[in-house]
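Biologist: Could you pick one glutamine's corner of this model for a close look, and then walk me outwards from there through the contacts, the ligand and the charged pairs? I'd like the numbers along with the picture, please.

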Amino acid sequence: MTTLEPVKVGICGLGTVGSGTFNVLMRNADEIARRAGRPLVVEQVGARRDNPDCDLTGINITRDVFEVARNPEIDVVVELIGGYDVARQLVLEAIDNGKHVVTANKALIAVHGNEIFQAAAEKGVIVAFEAAVAGGIPVIKSLREGLGGNKIQWLAGIINGTGNFILTHMSEDGRDFDDVLAEAQALGYAEADPTFDVEGIDAAHKLTILASIAYGVPLQFEKAYTEGISQITSEDIEQADNLGYTIKHLGISCRTEEGIELRVHPTLLPKQRLLANVHGVKNAIEIMGDAVGPTLYYGAGAGAEPTASAVVADLLDVARDMATEHKYRTPYLAFSGINEQGEAAPQVLPMENIVTAYYLRLQAVDRPGVLARVASILSEQGISIEALIQKEATEGELVPIIMMTHRTRESSMNEAIRQLEALADVAGSVTRIRVENLDDNA
Ligand SMILES: NC(=O)c1ccc[n+]([C@@H]2O[C@H](COP(=O)([O-])OP(=O)(O)OC[C@H]3O[C@@H](n4cnc5c(N)ncnc54)[C@H](OP(=O)(O)O)[C@@H]3O)[C@@H](O)[C@H]2O)c1
C-alpha cells in the first residue's frame, strides 16, 4: 500500500518516445508505483495530434505544450518534442513554474544544459536526462551512482546506432557507404537528412554529456571535435581488416595530464575488443574507472520503449527525490566546473593536442624513392611506422600505400599529411583514421 500522494506527470510530445513513455507508464503502473513508493499518474499530454499507438481514453490532452508547463496540478514535465528552441522555452518555463523536468533531448542538454541546470538549481527542481545518452542503456546512472567511487580515466562508445548500422553492413557485406545509408533510410534507422548521425553531431552531443558527468566539467559541445563516417570507403574497411582492426565510429573522452579529450571520429579498433563486436544499431560504452577497471554497457540506443525505459527510470528518481532537500536535487554543482576544493576543472583539449596512433592510406605513383620520401616526411615529424602494406603495381601507375603508425601527436600528423599531399608522387588527399587500443589511454 502506498501512502504518499501520486506524482502527476505531464508528457509533452507524443511521437516515438512520447508514445513509448505513455504506454510503459500505463502498462507497468503497478510495478512503477511499487518501486517509487507512490503512483505515477499521467495528468496531461501535450501533443499536436493523437497517436494511434496510444489509448488516450480519459486522458486530458492539450494541443499547446506550454499549457502542460503551466498546469498547477503537474509535478513533472516530460519534454519529448526534440529540437532546440521550443524545447528550451518549454523546459525553462516548466522550471520557472517549479516543475521537475525529464527529457530525452541530447541536443538540448548538450547545447543549453548549463543554462537549464542553473535555472533548475535556483528553483530547486530536478532535471533528469538519462534517455539523452544511448537510449535505453542506463549509462548516466552507472557513471553517477554505480561508478561514483571511481576517478574516470576514459570512456569510449558507439553512441549512434545509425552510424554503427552503416559501418557494420559496409564491413560485413563489402557495400559502399551511400548504398547502406539508403537502406538505413528505408528501414527508418536514418533520417531523410542524415547529417546529425553520419557526421557525428548526435554522438558529440551525447559524448559532451557523458564527459561532463564523468569529469565534472561544464557542457562544452562547441569544443568537441567531430568527424563523420561519410569518407570511409569499403577499401579502408578491408585494409583495416587485413591489419587486424575493425572501423567503428567512436565518441572518446579521456582525462590526460593536460586536460580532457573530447572527440568523435572513425576509429580503428583491434578486432578482439568487445566494442569492435557491437554490430548493427546497438550502442555500447566502455568506461575505465581507476578502482573498478574497464566496464562495458551495451543495449538498445534508440526506439520507442527502450528509450521510454530510461525516461521512466528518471521519473522514478524524481518521485523518490521529491522528498529530499533542494540543493541535492540538481546536477548543477557537478557541471559548475569547480571541484570540491574550489579549483577549476581541467580544460577540454584542442584536437591538435591529442595523442593517438593512425592508419594512413594514400595513392602514390609507383616509382623508385617514393616510399623513402613518404617515410622521411613522417620521420621528420617524429612519426614511426608500425606496419606498411604496398600493393603490387606497374611502374608509373598509382598504387595504394597503407600504413599504421605508432602513437603521435595530432599536430605532427596534420603537418605530415600536409607535406605528403604536397608531394608530386601523391595523388589526391591522404585518408587518415585514428587507431585506439584504448588500453594505452589509461
Ligand atoms: N527516437 C528515439 O529512439 C530517441 C532515442 C533517444 C532520444 N530521443 C530524443 O527524444 C526526443 C523525441 O524524439 P522522437 O524520436 O520521439 O521524435 P518524434 O517521433 O519526431 O516525436 C516528436 C513529437 O513531438 C511533437 N512536437 C514537436 N514540436 C511540438 C510542439 N511545438 N508542440 C507539440 N508537439 C510537438 C511532434 O509532433 P508532430 O508529429 O505533429 O510533428 C512529434 O509527435 C528527441 O529529443 C530525440 O533526440 C529519441
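Modeller: Happy to! Leaving aside neighbours within four places in sequence, Gln 220 is in contact with three residues: Thr 208, Leu 262 and Val 348. Please keep in mind that this is a predicted model. Gln 220 itself sits in the loop between α10 (201–215) and β8 (225–226). Is this loop residue buried or exposed? Its relative accessible area is 10%, and the limit for buried is under 20%, so Gln 220 counts as buried.

Another loop residue is worth a look beside that one. Ala 134 lies between β6 (127–128) and α6 (139–146), and with 0% relative accessibility it counts as buried. Its backbone has a feature to check, too: phi of Ala 134 is near 55 degrees, a positive value in a residue that is not glycine.

For a buried residue in a strand, take Val 365, which belongs to β13 (residues 355–365). The relative accessible area of Val 365 is 15%, so this valine is buried. Apart from residues up to four places away in sequence, Val 365 touches Val 370, Gly 396, Glu 397, Leu 398 and Asp 425. As for distances along this part of the fold, the C-alpha atoms of Val 365 and Pro 400 are 8.8 Å apart, although 35 residues separate the two along the chain.

Now to a helix. The twelve residues of α1 (residues 16–27) should span 16 Å at 1.5 Å a residue, and the end C-alpha atoms are indeed 16 Å apart, so expectation and model agree. Which of the residues in α1 are buried? They are Val 17, Gly 18, Ser 19, Gly 20, Thr 21, Phe 22, Val 24 and Leu 25. The cover over these buried residues includes two strands, β1 (7–12) and β2 (40–46), and two helices, α2 (29–36) and α12 (304–321).

That helix brings us to the ligand. The ligand is surrounded by 19 residues, and Thr 16 and Val 17 are among the closest, together with Arg 48, Arg 49 and Gly 303. Looking at individual atom pairs, a backbone N or O atom of Gly 15 is 3.4 Å from a ligand oxygen. Two arginines add side-chain contacts: an N or O atom in the side chain of Arg 48 lies 2.9 Å from an oxygen atom of the ligand, and for a polar side-chain atom of Arg 49 the distance to a ligand oxygen is 2.6 Å. On its own the ligand has 890 Å² of accessible area, and the protein covers 73% of that.

Finally, the charged pairs. How many salt bridges does the structure hold? There are 28. One of them joins Arg 70 and Glu 93, whose closest N and O atoms are 2.6 Å apart. Because Arg 70 belongs to helix α3 (residues 65–70) and Glu 93 to helix α4 (residues 85–96), this pair ties together parts that are 23 residues apart in sequence. Arg 70, at 46% relative accessibility, is partly exposed, and Glu 93, at 23%, is partly exposed as well.

The side chains of Arg 273 and Glu 286 also meet in a salt bridge, with 2.7 Å from N to O. Arg 273 is in the loop between β10 (260–270) and β11 (282–289), while Glu 286 is in strand β11, so the bridge connects parts 13 residues apart in sequence. Here Arg 273 counts as buried at 14% relative accessibility, and Glu 286 is buried at 6%.

The last pair takes us back to α12, one of the elements that cover α1. Asp 317 forms a salt bridge with Arg 320, and the closest N and O atoms are 3.3 Å apart. Both residues lie in helix α12, three residues apart, which is about one turn of the helix. In general, an α-helix has 3.6 residues a turn, so residues three or four places apart point the same way. Asp 317 is buried, with a relative accessible area of 18%, whereas Arg 320 is partly exposed at 41%. Both of them take part in a network of salt bridges that also links Lys 141 and Glu 145.

Notes:
Residues numbered from 1 in each chain as written. Predicted model: local features only at pLDDT ≥ 70, side-chain atom pairs only at ≥ 80, totals over all residues. Heavy atoms only, no water. Helix = DSSP H or I, 4+ residues; strand = E, 2+ residues; numbered from the N terminus. Expected span 1.5 Å × (residues − 1). Buried < 20%, exposed > 50% of the residue type's maximum accessible area, 1.4 Å probe, protein only. Contact = heavy atoms within 4.5 Å. Near = heavy atom within 4 Å. Polar contact = N/O pair within 3.5 Å; in protein donor to acceptor, adjacent residues only side chain to side chain. Areas by Shrake-Rupley, 256 points an atom, 1.4 Å probe, with all protein chains shown as cover. Salt bridge = Lys/Arg side-chain N within 4 Å of Asp/Glu carboxyl O.
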